[in-house]
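Here is a short report on selected local features of the structure shown below. Please keep the model open while reading.

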Amino acid sequence: MAERMGFFTDTSICIGCKACEVACKEWNDVPDDGFVFRATSYDNTGSLGADTWRHVAFIEQRAPAGGDGGEGIDRWLMSSDVCKHCTHAACLDVCPTGALFRTEFGTVVVQADICNGCGYCVPACPYGVIDRRERDGRAWKCTMCYDRQLGGLEPACAKACPTDSIQFGPLDELRARAEERVTALHEAGRPEARLYGESPDDGVGGAGAFFLLLDDPEVYGLPPAPVVTTRDLPQMWRWAGGAALTLAGALALCFGVPSRRRG
Amino acid sequence: MAECHPVGFQWVVEAQARGAKVFHVDPRFTRTSALADRHLPIRAGSDIVLLGALINHVLRNELDFREYVLAYTNASSIISGRFADTEDLDGLFSGFDEETRTYDPSSWSYEGTGEEPAAGLRGEQLEGGRRHAEAAGAEQYGSGGAAATARPPADPELRHPRCVYQILKRHFARYTPEVVADLCGISEEDFAELAGTITANSGRERTTAWVYSVGWTQHTVGAQYIRTAAILQLLLGNIGRPGGGILALRGHASIQGSSDIPTLFNLLPGYLPMPHAHEHEDLAEYLTHAGGDTGFWGRKRSYVVSLLKAWWGDAATEANDFCFDYLPRITGDHGHYTTVLGQIDGTVKGYFVVGENPAVGSAGGKAQRLGLANLDWLVVRDLTLVETATFWQDCPELETGELRTEDIATEVFFLPAASHVEKDGTFTNTQRLLQWREKALDPPGDCRSDLWFYYHLGKRIRQRLEDDEIDRPVRELTWDYPEEGEYRDPSAQAVLREINGTGPDGRTLSGYVQLQPDGSTRCGCWIYCGVYADETNQAARRRPGHEQSPVAPEWGWAWPANRRILYNRASADPEGRAWSERKAYVWWDAERREWTGHDVPDFEAGKPPGYRPPEGALAEAALAGTDPFIMQVDGKGWLFAPAGLADGPLPTHYESHESPVPNTLYGTQANPARRIYDRPELPYNPPMSPRFPHILTTYRLTEHHTAGGMSRPLAYLAELQPELFCEVSPLLAAELGLDHGGWATIVTSRSAVEARVMVTERVRPLRVQGRTVHQVGLPYHWGWGGGGLVTGGVVNDLMPVVLDPNVYIQEGKAVTCDVRPGRCPRGTALLDLMEEYRRG
């Protein structure tokens with residue numbers, strides 16, 4: 001297996017240009033997501049889904065009340081979200097056909113020609129990333145440009161990002177670089193900078209695509225403490241197995257063992 | 001910049017990572033503000049107040065880079081005693097003619113010139129300003145500088161009351177932080193922070209750069225906005241030095257190129273003026289009027305003769321004035337808006353529209369369409385069927401009954417064009433960098449490049465010509481490029497080679513100093529001479545940055561002479577030593593007796609700092625070894641412009657034409673020389689009108705391109721910003737009853753347009769002159785058709801046609817409007833609404 005590859009999305013230098021969304025669709029031939037004015041700041045694609053594999057969120061934060069600052073904006077946060085390519089990927093766990101698989105780069109990819117559209121993966125994802133496409137019923141999401149990686153190229157979104165807000169590389173290197181960036185921002189008087197999804201100890205065993213955020217994850221529409229939804233499956237199976245055995249035993253006690261008649 | 005130039009913004013992000021501080025001055029909080037260290041919301045149309053106050057701050061506190069200012073600018077030059085300032089005349093300069101609304105600039109000249117021609121003083125200035133204003137003459141000094149004297153009297157102590165420094169001090173004295181707060185809506189504390197930061201970051205060790213775009217240019221005082229920034233940067237020593245400068249961000253990929261090799265009516269290639277029909281009877285007379293004789297502009301005969309030789313080859317001889325008579329002539333203003341009025345009046349019969357979409361992309365959209373509807377023929381070349389090509393069957397005037405398709409006699413020819421990836425050629429970017437690109441694939445179907453179109457059109461026209469004398473200029477044109485491929489595309493490399501120019505031996509020249517006045521050299525654009533040096537396409541060089549110095553001289557080719565920073569002699573002190581180690585760029589090597597450094601020195605390589613010109617010297621020999629601004633007749637950076645501008649030698653704050661507030665600085669409300677039209681098709685909102693109480697400013701979004709012709713038909717872009725919206729503050733929304741996500745109608749005296757409502761704290765009401773002023777933002781990417789997947793109101797229909805007098809740019813960034821909740825009435829109901837507003 002090759003080195004595990006990942007994304008580090010540094011939202012502190014995202015300019016919200018959406019080049020990642022466009023480059024992703026161009027390369028992967030993802031259909032448009034409809035032409036809907038959502039009145040949600042400058043975001044009109046809404047969220048990650050079958051037809052949007054990179055999604056830029058825009059969060060307008062009002063200045064603290066008081067003084068003349070009450071009417072103005074304090075910050076305009078922008079962040080390009082993407083599939084997390086979890087270490088423990090629930091979508092992969094629940095896929096009955098093997099359409100979802102772990103690549104040699106440590107990423108999680110759906111094979112469109114195998115997917116039968118059962119949709120089990122959709123509720124399994126703790127981030128709400130993977131989604132079924134209405135038109136063909138199959139599940140779609142970011143592949144971290146598996147085909148480009150096979151050809152030695154970086155994913156289209158990272159290639160197109162003008163400010164290097166989206167960085168692609170070996171996950172270990174990215175984690176080290178991200179730590180340095182957070183330290184630099186703290187030293188520059190921005191204590192709010194923090195990493196999200198970088199820790200192997202978190203609920204998904206660490207994300208293959210992690211982020212530098214400037215506020216709580218919920219602000220960006222990210223779950224604060226995601227847990228792989230299949231985490232409790234083994235235990236559940238154990239409980240279920242135990243329960244089954246108990247039940248079988250009880251049944252056996254009731255009906256299976258003939259009672260002796262006193263005679 | 002992040003909003004409209006996201007790719008270039010990567011360098012700002014990189015600079016921030018190295019400690020640069022970024023201020024963003026903009027009426028709205030944009031994607032640039034989001035990353036800037038500080039955002040300063042400003043009232044649209046008040047920038048000269050802010051910049052003027054910075055100048056005043058520098059002068060009053062003597063924070064100027066005095067050594068630089070004394071040696072390299074005209075601070076010490078003494079101005080004519082006939083000059084009167086706006087201080088004296090309540091907002092007017094001397095020389096204003098109320099009747100023609102033009103200036104005679106002769107009183108703005110250096111002392112000792114004006115009445116009698118001095119050495120180096122020529123034509124224009126002595127003729128007065130009328131012609132100058134009439135044909136956007138001021139713009140013709142793009143690389144030359146206006147005529148003036150090389151050695152005006154000067155006071156190096158800067159004490160003479162009429163020296164530029166003292167005039168400047170008096171002129172800007174009223175631009176105080178209090179006035180900034182009152183007119184711009186920027187608090188005194190915020191101003192102090194800005195002023196402190198830029199002055200602390202200027203001088204020997206540090207430099208500050210200003211970056212602007214059409215937010216500064218699209219005003220009736222647009223050219224003077226840039227002048228104000230230039231004065232500030234010269235005072236702080238930030239011109240000609242690394243990390244300094246005033247950087248213009250262009251609106252398209254090669255807008256710089258389209259003024260170098262101009263698509264402008266008043267210029268020939270290389271900023272040579274277009275000859276005037278009645279004033280330039282022969283080459284000698286033309287040269288007399290075409291700028292000064294000192295500085296490198298003094299070689300203008302070589303530039304013009306080489307151009308004529310490139311165009312007419314062997315037919316151009318000394319005996320026939322090198323075919324100077326063959327050049328087309330102008331008779332006055334032939335700018336875009338004058339042309340449109342000519343169409344409406346029936347004097348302009350035919351129209352080529354190439355890669356533009358004036359039916360939705362130009363100010364006063366209705367007038368544009370009325371003009372199109374009154375033509376005999378119209379040629380549109382574009383990637384898709386833009387609105388300009390389809391107006392006759394779907395424009396809004398059909399719905400209102402103002403036009404009927406069956407009455408429109410315009411014969412429309414739509415010719416599909418090749419896109420930039422389907423043809424070879426160059427882009428010239430804002431750094432004057434020419435970058436060659438190769439064709440990636442053949443254009444589909446009947447699509448052809450513009451080069452193909454004009455070349456083959458020319459060939460066909462020439463085939464049809466008889467021996468008529470009047471056609472001789474077209475018959476004798478050099479029109480013989482090698483043809484390539486199935487469609488016989490002319491070779492773009494051959495065109496670039498022709499632009500570069502050749503010597504008597506037929507080999508390519510390596511620089512413009514080789515050009516000769518005797519017809520022995522040919523050159524299609526003198527400033528591009530060297531782009532094909534050594535018979536090699538220098539623009540195609542792509543050596544990666546990490547394989548060369550930070551200046552990266554082997555990436556593409558920058559005009560002139562591959563210099564990356566213009567006037568870089570100013571990066572060294574008068575003795576030729578770097579101002580500081582940290583900011584070393586080019587310097588004088590005393591041992592080898594030549595200029596050297598990281599960039600190509602923008603100076604004669606062997607001219608020592610101690611050189612002093614002899615009396616009567618011409619061209620570059622008239623400039624001293626301490627004169628860095630080698631295109632200027634006096635080699636100085638002009639704090640005060642003694643000639644060359646149509647509306648004054650110094651920037652002055654005037655309110656925009658339709659401003660909602662009075663000009664409290666002077667009795668003159670708006671730029672007195674601005675170009676206004678007295679036409680029913682081009683109405684204006686009265687200034688300070690209660691009917692139009694809000695400021696309206698237009699802009700672009702990252703997701704779209706100009707009027708949308710290149711982005712609305714593309715699903716991946718159209719879905720990102722599918723509808724026209726207006727940005728309003730929560731306060732204004734509450735006042736007017738606008739619902740976020742609902743509809744609003746924006747009204748001016750031109751038209752009304754509906755838009756979805758975006759209520760956002762990013763737009764902030766400002767306190768101006770003691771009252772609350774609201775600004776409304778509208779991106780202008782939509783139209784009714786154009787093959788677009790998304791459609792929307794034409795914002796340019798709302799815009800007035802009132803122009804800057806120097807370059808004839810329209811005022812699109814600071815106009816007034818009314819806003820009403822709900823959708824816009826259609827058809828005759830729209831006309832009724834307009835009538836209602838007209839009656840008040």
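## Unusual backbone: positive phi

Arg101(B) sits in a loop of chain B, between strand S3 (96-97) and strand S4 (102-103). This model is predicted. Arg101(B) is not a glycine, yet its phi is positive, about 55°. Most residues other than glycine have a negative phi. Is Arg101(B) buried or partly exposed? Arg101(B) has 15 other C-beta atoms within 10 Å, and is therefore partly exposed. The cut-off for buried is 20 or more.

His85(A) is another non-glycine residue with a positive phi, here about 45°. His85(A) lies in the loop of chain A that links strand S3 (73-82) to helix H2 (90-94). Its surroundings hold 30 other C-beta atoms within 10 Å, so His85(A) is buried.

## A cis peptide bond in chain B

Which residues does the cis peptide bond join? They are Trp559(B) and Pro560(B), with omega at about -10°. Most peptide bonds are trans. Pro560(B) belongs to the loop of chain B that runs between strand S16 (557-558) and strand S17 (586-589).

## The S17-S18 hairpin

S17(B) continues into a hairpin with S18(B), with 4 residues between the two strands. Arg593(B) is in that turn and has a positive phi of about 50°. Strand S18 covers residues 594-597 of chain B, runs antiparallel to S17(B) and is joined to it by 4 bridges. Trp587(B) faces Thr596(B) of S18(B) across the pair.

## A three-stranded sheet

Chain B also holds an open sheet of 3 strands, in the order S12-S13-S16. The pairing is antiparallel. Strand S12 (425-428) and S16 of chain B are the edge strands. Each has a single partner strand, so one side of each has no neighbour in the sheet.

S12(B) is joined by 4 bridges to strand S13 (residues 433-437) of chain B, and the two run antiparallel. Thr426(B) has Trp436(B) in S13(B) as its bridge partner. In a regular strand the side chains alternate between the two faces of the sheet.

## Packing of H16 against H18

Two packed helices are described by the angle between their axes and the distance between the axes. Helix H16 (residues 336-345) and helix H18 (residues 365-372) of chain B pack at about 50°, with axes 7 Å apart. H16(B) and H18(B) are therefore oblique to each other. The crossing is left-handed.

Which residues of H16(B) meet H18(B)? Val340(B), Gln343(B) and Ile344(B) do so. On the H18(B) side, the contact is made by Ala367(B), Gln368(B), Leu370(B) and Gly371(B). By class, this contact has 4 nonpolar and 3 polar residues, with no charged ones.

## Where chain B touches chain A

How many residues of chain B are in contact with chain A? There are 35, and they touch 28 residues of chain A. Four elements of chain B give two or more residues to this side: helix H1 (9-17), helix H2 (31-35), helix H24 (715-718) and strand S22 (752-759). H24(B) gives the most, with 4 residues.

By class, the side of chain B that touches chain A has 20 nonpolar, 7 polar and 8 charged residues.

Technical notes. Residues numbered from 1 in each chain as written. Chains lettered and ligands numbered in written order. Predicted model: local features only at pLDDT ≥ 70, side-chain atom pairs only at ≥ 80, totals over all residues. Buried ≥ 20, exposed ≤ 12 C-beta atoms within 10 Å, placed from the backbone. Pairing = 2+ DSSP bridges. Contact = placed C-beta atoms within 7 Å. Nonpolar A, V, L, I, M, F, W, Y, C, P; charged D, E, K, R; others polar. Axes fitted to C-alpha atoms, helices over the stretch in contact; angles between N-to-C directions. Parallel < 35°, antiparallel > 145°, perpendicular 65-115°, else oblique. Left-handed = near helix turned anticlockwise from the far one by under 90°.
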